[in-house]
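Got the viewer open? Let's take a short tour, one selection at a time.

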Amino acid sequence: MVTRKLRSILLAGASAALVATSATGALAGAFGIREQSVVGGGMAFAGAASGSAGLGSAFWNPATITMAPGWQSEANGTFIGLSTVVRTQAPTPTLGLGQSGDIGISGAIPASYTTYQLTENLW
């Protein structure tokens, strides 16, 4: 005869085994923007040295502003146009889910940098 405690342990083990064997991988998609300027985006993965992407290089390495003497300013704009349509697999009358529509959001990404050299050693 199976005791109550043993029965609970067996049920917990069977539940854990069922969950472990029926688990599936999660799917997701995205992208990351690591460039801080249009110049940096154009030079991405080109093997450019530090500071060669203009004033935007200061985002990762502030010492690169010493490569821009005097008063320097830079303004950039990037437009990312996304579009994707999601459709449910279930028919509308069955679950009432319907179409999800366009989940891609387009947008403009501005960036600007300015440096000013006060003295020979101070920016």
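Start by selecting Ser57. Is it buried or exposed? Buried: its relative accessible area is 11%, and the cut-off for that label is under 20%. Keep in mind as you click around that this is a predicted model. Ser57 sits in the loop between α2 (38-42) and β1 (71-80). Now add Val39 to the selection and draw a distance between the two C-alpha atoms. You should get 9.4 Å, for two residues that are 18 apart along the chain.

Next, jump to Thr115, which is in strand β4. Thr115 counts as buried too, because its relative accessibility is 7% and the label applies under 20%. Which residues does it touch, leaving out those up to four places away in sequence? Show Leu55, Ile65, Ala68, Gly70, Trp71 and Gln72 around it.

Keep Trp71 from that set and add Tyr116. How many aromatic pairs does the structure hold? There is one, and you have just selected it: Trp71 and Tyr116 meet edge-to-face, with 5.6 Å from centre to centre and 75 degrees between the planes. The angle earns the edge-to-face label because anything over 60 degrees does. Trp71 belongs to strand β1 and Tyr116 to strand β4 (residues 107-116), so to speak a link between distant parts of the chain, 45 residues apart.

Switch on a surface and colour these two by accessibility. Trp71 counts as exposed, at 63% relative accessibility, while Tyr116 is partly exposed, at 45%. Why the two labels? Exposed needs over 50%, so Trp71 gets that label, whereas the 45% of Tyr116 falls between the buried and exposed cut-offs.

Leave the surface on and extend the selection to Leu118 and Leu122. Together with Trp71 and Tyr116 they form a nonpolar patch on the surface, with about 490 Å² of accessible area between the four of them. Leu118 lies in the segment after β4 and counts as exposed, with a relative accessibility of 54%.

Last stop: select residues 4-22, which make up helix α1. Put a distance between its first and last C-alpha atoms and you'll read 27 Å, close to the 27 Å expected for its 19 residues at 1.5 Å a residue. How many of those 19 residues are buried? The count is zero, so α1 is hardly covered. To look around the helix, step through it in threes and fours: an α-helix has 3.6 residues a turn, so residues that far apart point the same way.

Notes:
Residues are numbered from 1 along each chain as its sequence is written. This is a predicted model: local features need pLDDT of at least 70, side-chain atom pairs count only at pLDDT 80 or more; totals for chains, interfaces and linings use all residues. Side-chain values use heavy atoms; hydrogens and water are left out. Helices (H or I, at least four residues) and strands (E, at least two) are DSSP runs, numbered from the N terminus. The expected span of a helix is 1.5 Å times one less than its number of residues. Buried means under 20% relative accessible area, exposed over 50%, partly exposed in between (1.4 Å probe, protein chains only). Rings of Phe, Tyr and Trp (its six-membered ring) pair if their centres lie within 6.5 Å; planes under 30 degrees apart count as stacked, over 60 as edge-to-face and the rest as tilted. Contact means heavy atoms within 4.5 Å. Patches are made of residues with over 30% relative accessible area and no salt bridge: like charges are joined within 9 Å, nonpolar side chains (Val, Leu, Ile, Met, Phe, Trp, Tyr) within 5 Å. Accessible areas come from the Shrake-Rupley method with a 1.4 Å probe; for residues, only the protein chains shown count as cover. A salt bridge is a side-chain nitrogen of Lys or Arg within 4 Å of a carboxyl oxygen of Asp or Glu.
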